[in-house]
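This briefing reviews aromatic packing, strand pairing and nonpolar cores in the structure shown below. The points are grouped by topic.

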Amino acid sequence: MRYQLETVLLWILGTVFRILPRRTGLFLGRVVGSMAYYLAPRRRNLALENLTMALGESLSEKEIRTTALASFRFLGMNILEFFNLSRATPEEMKRLTSVEGEEHLIEALASGKGALILTAHLGSWDMLGAGLAARGYPVALITKVSRSEAVNRIWMGYREKAGIKLFMGRGTMKESLRHLKNGGMVGLVQDQNARRREGVFVPFFGREACTITSLALLARRTGAPVVPLYSYRDGNIHRIVIEKIMLHDNIADTDTDLLERTRSYTQWTEKIVRLHPQQWTWLHDRWKTRPRP
């Protein structure tokens, strides 16, 4: 029964939001984000605590609250915009996105080993993937399996219609290796909390954060170049910024190697969050898993 209700709800939301003009949808997204900020005190307080811990030395209390509210609004806009992914044509997606540093991605793919994409939940990560797919890049994303079957079927279906392959659940590593071998791109994020058994602790805004090692493991195993890239919203355009390939020397000890690679990926993530703090998801409990005493 729950599956049917969730399916109907997502279908209704998707239908309504798809028929709205984009400008109206974005305005509604800001409204939804503002309502969530004021009506979800637990998430609001978590965002404020995270911001105070991470940026409290450089932002005033008022600036922290302004940044937290903006983060909720950007997330609301992303959600509303997400429902338009399935109907947007490649030409429209190209108009809505711009790419800077594309030569770095071309260089990585020329290696013949595919490319591992380091990115973050900054700006609209779905528009980032769709924007690259619209330009003909073989984009795939490693993502978590949702507890909701409806979300897995419908929500993920929107991404696939936008040209983004999804690897999740069992067989993720095998599918990722095959995609890389065929010259594809596999994207991963490093900015969400990991369980202790699947991650390592590295500094993130000066505090130890349990961080998944999947990207480091794939990079070490395949030798595929790691390309850091992100997007941020600039008015009506999503700016995709592709940076230089991250180079690493293999360390003989596997655990040390994975730790150092993950540390460098996390340092990069912190750098881009500092550039656009209003567009990162501060309401996520990034530091939930704590080191053992």
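**Aromatic packing and cores**

Across the whole structure, a search finds 10 aromatic pairs. One of them joins F204 and F205 in an edge-to-face arrangement, with 4.9 Å centre to centre and 75° between the planes. The model is predicted.

**Aromatic cluster**

- F204 and F205 are both buried.
- Another edge-to-face pair consists of W280 and W282, whose ring centres are 4.7 Å apart, with 85° between the planes.
- W280 counts as buried because its relative accessible area is 1%, a value under the 20% limit for that class.
- W282 is likewise classed as buried because its relative accessible area is 0%.
- These two pairs belong to one aromatic cluster, formed by F204, F205, W280, W282 and W287.

**Charge over a ring**

- R44 places its charged end over the ring of Y37, at 5.8 Å from the ring centre.

**Largest nonpolar core**

- The largest nonpolar core holds 41 residues, and those touching the most other members are L116, F205, V226, Y265 and W282.
- Two or more residues of this core come from each of the helices α3 (41-55), α4 (61-82), α10 (214-222) and α11 (254-275), and from each of the strands β2 (115-119), β5 and β8 (226-234).
- F205 and W282 therefore appear both in the aromatic cluster and among the core residues that touch the most other members, and W282 is buried at 0% relative accessible area.
- Beyond residues up to four places away in sequence, W282 touches F205, V273 and P277.
- The contacts of W282 also include L46, A47, N50, L51, A54 and L55, and these positions fall within the range of α3 (41-55).
- T67 and S71 are likewise in contact with W282, and both positions lie within the range of α4 (61-82).

**Second core and strand pairing**

- A second core, separate from the largest one, has 19 residues, among them A108, V139, L141 and L166.
- Strand β3 (residues 139-142) runs parallel to strand β5 (residues 185-189), and 3 bridges join them.
- A140 has V186 in β5 as its bridge partner.
- β3 is also joined by 3 bridges to strand β4 (residues 165-167), again in a parallel arrangement.
- Opposite L141 stands L166 of β4, and both of these leucines are included in the second core.

How values were computed:
Residues are numbered from 1 along each chain as its sequence is written. This is a predicted model: local features need pLDDT of at least 70, side-chain atom pairs count only at pLDDT 80 or more; totals for chains, interfaces and linings use all residues. Side-chain values use heavy atoms; hydrogens and water are left out. Rings of Phe, Tyr and Trp (its six-membered ring) pair if their centres lie within 6.5 Å; planes under 30 degrees apart count as stacked, over 60 as edge-to-face and the rest as tilted. Buried means under 20% relative accessible area, exposed over 50%, partly exposed in between (1.4 Å probe, protein chains only). A charge sits over a ring if NZ of Lys or CZ of Arg is within 6 Å of the ring centre and within 35 degrees of the ring normal. Two strands pair if DSSP finds at least two bridges between them. Helices (H or I, at least four residues) and strands (E, at least two) are DSSP runs, numbered from the N terminus. A nonpolar core is a set of buried Ala, Val, Leu, Ile, Met, Phe, Trp, Tyr and Cys residues joined through side-chain atoms within 4.5 Å. Contact means heavy atoms within 4.5 Å.
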